Every structure is written in C-alpha cells, then in structure tokens.
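Visitor: I would like a close look at one part of this model, the sheet in chain A and what packs around it. Please take one strand as the starting point and work outwards.

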Amino acid sequence: MRSFAGMKFSSPTLSVKDLAGYPEIVITTQPNDQSTSRVAVLGVLADLHGEAVQYDLKPLRKLILAIQPDLICVEIQWVDWLSGNLAAAPRAIRETIVPLCRRTDMVIIPVGGVASMEFGATEADRFIKIRLIRVLNGLQRISWAVVNQPAAVNSDVYSFCCNLTCALELNLYGKTAKNFWQEVNDTILKNILETLTRDPGRRVLVTIDCRRRQWLVKQLAQTPMVDLVHYNEL
Amino acid sequence: MNKPLKRKIRLFIICSQLLAREGLILLTQQDEDIKVIGDAADDEAGVTGIDTLQPDVVIVADGWGGEDCSCADTVKKIKAYHPHIPILVVSPHVENARVQMALAAGANGYLPMGIDIDELVRVLYTVNRGELTLHPSLLPAILQQLEAETGGKSTATNPDDLTQRESDILSALSRGLTDREIAQQLSISVRTVQSHLAHIYEKLHVHSRTEAALIAVQHKHE
C-alpha cells in the first residue's frame, strides 16, 4: 500500500490564542548562525520551601505562548522528568510550562535545580535565625502576592530585592546551605551550556527561580556561544 | 515576525454511543482553543450537521457498534461532500485492515482509544492543518506490512551511511515516534529533528518518513 508513503507525522504548530498585551514581542523564526544560540532568561516565582505560591499563571502562559522558543530549560530534575513526577516542581512549571509544551513544538530540557533552602539553622542561635528567616519568608510571600506578573518579577528592582533576601537567608542558614545553593546553580548552568552545545543556533528560553536569575544572567553573558537577549526579543 | 493568530478549532463529533460522545465533547472542550460545534449519533445526522455547520475537523468515533461496524463508510460519505474537511478516527480497534480502510476512505488520522487527552488534542491540531496522523503504536505493524508487500526490496542507501545522531533519529522514527517525541527524547529542538530528517531522506534517497522507517525496519531484520 504505497498510499502510506506520503504520510506526515510532524507535530502540531502552536495555537496562539491571544497575543494582546505583548505587542513588543518580535519572534525571529530563523535561528542564528550555528555557533551561537539566542538565549533569554525568564525569572519565575518558585515555591517557598515546599509551599506552593498562589498567583495568577495566565500572564506567564500568555508570555510563553507569545515567545515560542525552540527549547525551554526548566528547573526539574532529570529523574523526576523521566518518571513524570512533577510534585517537586514549582507551580509555574507544573501547571503552565509543562502543559504548554505538551501541546506545542517547544521542547522541555530539564536542567536540575529546585533546591529548598530549608537546611536548618545551627543549634547555637537557632531561635533568632528561625525568627529572622520567617520574617524574610513572610516578606517574600507578601511581595509575591503583589509582584506576580512576569514583567514585574523580571524587573531590575525586584531582582535586586530577591537577590538581597536570598543572600540574607543563605547567610542565616550557614555555609553548607550556601555551598549547596551554589552547587545547584552550577549544575543548572552546566546543563544549560550542554544543551546549547548539543543543539546550537536555537532560540532558548531559560525559566528559572527568580532568586537565581541575576546570577545566571551574569554567567551566560560571559559565555561566547550565547547571544543573551531580553525575553521580549527572543 | 509574529506568527499568525489562529481561531478556535471548530469540531464536530460523530459517535453512536451517547456516553462516549458526551465524554469526547467534555474532554476536547477542556482545551481553550477547541470548540465542539455539533455532534451526531449516526452517519446521516452527521453529514447533515457537517453540511450546515462546516466544522474545521470531524471526529468519527468508531467501533462501539461491534466488530463489523466500520468507520470507513462514514468517512467516505463525509469526504464525498466535504473532501477538504479533515477527519480523525478514534477507535478501540487497531487492526491493520481497519486502519488501512479508514485511511483509504480519506481519514486524516487514526487513534486508538487508549490515548490520553493531551495526545488527542495534539493530534486534533495536526489534523486541522491537513496532515495525516497515525498513532505511533500503529506504525510498526503497518511498516511491517509494507515491508511484506514490497518483499523487503529496497534500492535505497544503507542506513549505515548515516551519522550517529541521524541513526538515533531514524531508529526513533521506526518506532513510530513523532518529531516532537524524538526531540524530547534527544533533548534537541523539533527544528533540529526536522533538519536531521531532511538529511536522512537525502542520504537514503527517500521522500517520506514512512519510507525512511521502512528502510530502518528492513535493515534491522538483515
């Protein structure tokens, strides 16, 4: 039956329902030259020590639909991704990015991450540290209730506040926590660079815990194979 | 350049069993971009409804009428009047003969009942673009049949000429994976997979993924 020979099995194109509100986004459909990849880093709100942060995910969904990257790096462990266990992943990934990618041509690249900073304070001054950490967590929770639009989460001011809170918390948790946080950051960066080496010349969106965003942007900006752009220009 | 905006996919469902039909309506409408504009329990009502409503895609849910009940006739009737409306068959029967009859009648896709809703929605998008889609689980059996019909003869180049990455992709393709599934498995983009596929076709002197997959299957048996 040669009538089968003309069959196509390509995957579906994206159906963008509504791009209103994102008129500034310019999608370049052609990849760069093959040695560099266009990369954008999009900070997303992470869950706070296992507690899901409740915020409206529609703007994030709209934005990712509008960007339509070729590859989307997300903070999921490989083993969790392969087993389909996304319980540890933040809501933004679990409820928005993964379902979107299942329906479109965007390919998810798990890059590790999702490390909680709940390492426990040292015995000596646990009481004070715990109080301080709770205050900082409370501040983050309050800020996330207000600042939950992608543009706001990725603004310089918010990134600065995020970094400051994160650094303070890490200092309170101690050296082990700091080292672990940095190890996770390094793993994420290593996996992103491996992805770019494996498939150069593509449009890559890295969605990352907003607390890691500034560090990651700095690292990627120094990488020759990366053409780092704002997510609106990917 | 922004990609063009698409309107909702307007879907029509033909299924003789009320519960299954209602289930399909509820499940497909979970997707924001799909709207069920009509449904029917039999061919006649279906063709009339399609005449009136002019849907973008029709789902013909086949096989609840027993082993003898085939969707091929329904597909033929619809295609006779509306050759450009894509038709997707969803059926619990996955025998080659049934699949081939449905495709020969003009169906644009064939899915077993065991698929999940994400898969169904994805295929609806593909079929809406006018592309032919078979569920990956149906492909190996059809390829083997094709191989039997062609007597295993092929004038194409040996797959050994392919690079390691191209061989990986050909192997995945012969297992019936879609471009997206291959991309996800190899952690590369869909466009990269498509670019590799173009090279594979060129090297093997074939024009479609089915022909390429056939060569892969033949080579595996050698």
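Guide: What follows starts from one strand of chain A, moves out to its sheet, helices and cores, and ends with chain B. The model is a predicted one.

The starting point is strand S2 of chain A, residues 71–74. Both of its faces are covered. A:Leu71 and A:Cys73 are buried on one side, and A:Ile72 and A:Val74 are buried on the other.

S2(A) has a partner on each of two strands. Strand S3 of chain A, residues 107–110, runs parallel to S2(A) and is joined to it by four bridges. Within S3(A), A:Ile109 is the bridge partner of A:Cys73. Strand S4 of chain A, residues 203–209, also runs parallel to S2(A), with three bridges between them. Here A:Ile72 has A:Leu205 of S4(A) as its bridge partner, while A:Cys73 stands opposite A:Val206 of S4(A).

These strands belong to an open sheet of five in chain A, in the order S3-S2-S4-S1-S5, with parallel pairing. S3 and strand S5 (226–228) are the edge strands, each pairing on one side only. Neighbouring strands in the sheet are turned against each other by 30° on average, direction ignored.

Across the sheet lies a helix. Helix H1 of chain A, residues 58–67, lies across strand S1 (37–44), S2 and S4 of chain A. Relative to S1(A), the helix runs at about 175°. H1(A) is mostly covered, with eight of its ten residues buried. The buried set consists of A:Pro59, A:Leu60, A:Arg61, A:Leu63, A:Ile64, A:Leu65, A:Ala66 and A:Ile67. These buried residues pack against S1, S2 and S4 of chain A, and also against helix H3 (91–103) and helix H5 (150–153) of that chain. After H1(A) comes A:Gln68, which has a positive phi near 50°.

Back in S4(A), the residue opposite A:Cys73 is A:Val206. Apart from its neighbours within four places in sequence, A:Val206 is in contact with A:Val39, A:Ala40, A:Val41, A:Leu42, A:Cys73, A:Ile192 and A:Leu216. A second, separate core of 35 residues includes A:Ala40, A:Val98, A:Met106 and A:Leu205. A:Val206 itself is in the largest nonpolar core, which has 40 residues. It is among the residues with the most contacts inside that core, together with A:Ile192, A:Leu216, A:Leu220, B:Ile169, B:Ile182 and B:Leu204. In soluble globular proteins, nonpolar side chains tend to be buried together.

A:Ile192 falls within helix H7 of chain A, residues 175–198. The axes of H7(A) and helix H6 of chain A, residues 156–173, come within 6 Å and cross at roughly 130°. That angle makes H6(A) oblique to H7(A). On the H6(A) side the contact is made by A:Cys166, A:Leu170, A:Asn171 and A:Tyr173, and on the H7(A) side by A:Lys175, A:Ala177, A:Lys178 and A:Trp181. By class, five residues of this contact are nonpolar, one is polar and two are charged.

The largest core also includes residues of chain B, B:Ile169 and B:Leu204 among them. Both take part in a contact between two helices of chain B, B:Ile169 from H7(B) and B:Leu204 from H9(B). Helix H7 of chain B (residues 164–174) and helix H9 of chain B (residues 190–204) pack at an angle of about 95°, their axes 10 Å apart. H7(B) and H9(B) are therefore roughly perpendicular to each other. Besides B:Ile169, H7(B) contributes B:Arg165, B:Glu166, B:Leu170 and B:Leu173 to the contact. H9(B) contributes B:Val193, B:His196, B:Leu197, B:His199, B:Ile200 and B:Lys203 along with B:Leu204. Seven residues of this contact are nonpolar, two are polar and three are charged.

The loop between helix H8 (179–186) and H9 of chain B holds B:Ser187. Its phi is near 55°, a positive value in a residue other than glycine. B:Ser187 has a relative accessible area of 3%, so it is buried. Another such residue is B:Gln54, not a glycine, with a positive phi of about 50°. B:Gln54 sits in the loop between helix H2 (43–53) and strand S3 (57–61) of chain B. At 40% relative accessibility, B:Gln54 counts as partly exposed.

Definitions and conventions:
Residues are numbered from 1 along each chain as its sequence is written. Chains are lettered from A and ligands numbered from 1 in the order in which they are written. This is a predicted model: local features need pLDDT of at least 70, side-chain atom pairs count only at pLDDT 80 or more; totals for chains, interfaces and linings use all residues. Side-chain values use heavy atoms; hydrogens and water are left out. Buried means under 20% relative accessible area, exposed over 50%, partly exposed in between (1.4 Å probe, protein chains only). Two strands pair if DSSP finds at least two bridges between them. A nonpolar core is a set of buried Ala, Val, Leu, Ile, Met, Phe, Trp, Tyr and Cys residues joined through side-chain atoms within 4.5 Å. Contact means heavy atoms within 4.5 Å. Axes are lines fitted to C-alpha atoms, for helices over the stretch in contact, and angles run from 0 to 180 degrees between N-to-C directions. Angles under 35 degrees count as roughly parallel, over 145 as roughly antiparallel, 65 to 115 as roughly perpendicular and the rest as oblique. Ala, Val, Leu, Ile, Met, Phe, Trp, Tyr, Cys and Pro count as nonpolar, Asp, Glu, Lys and Arg as charged, and the others, Gly among them, as polar.
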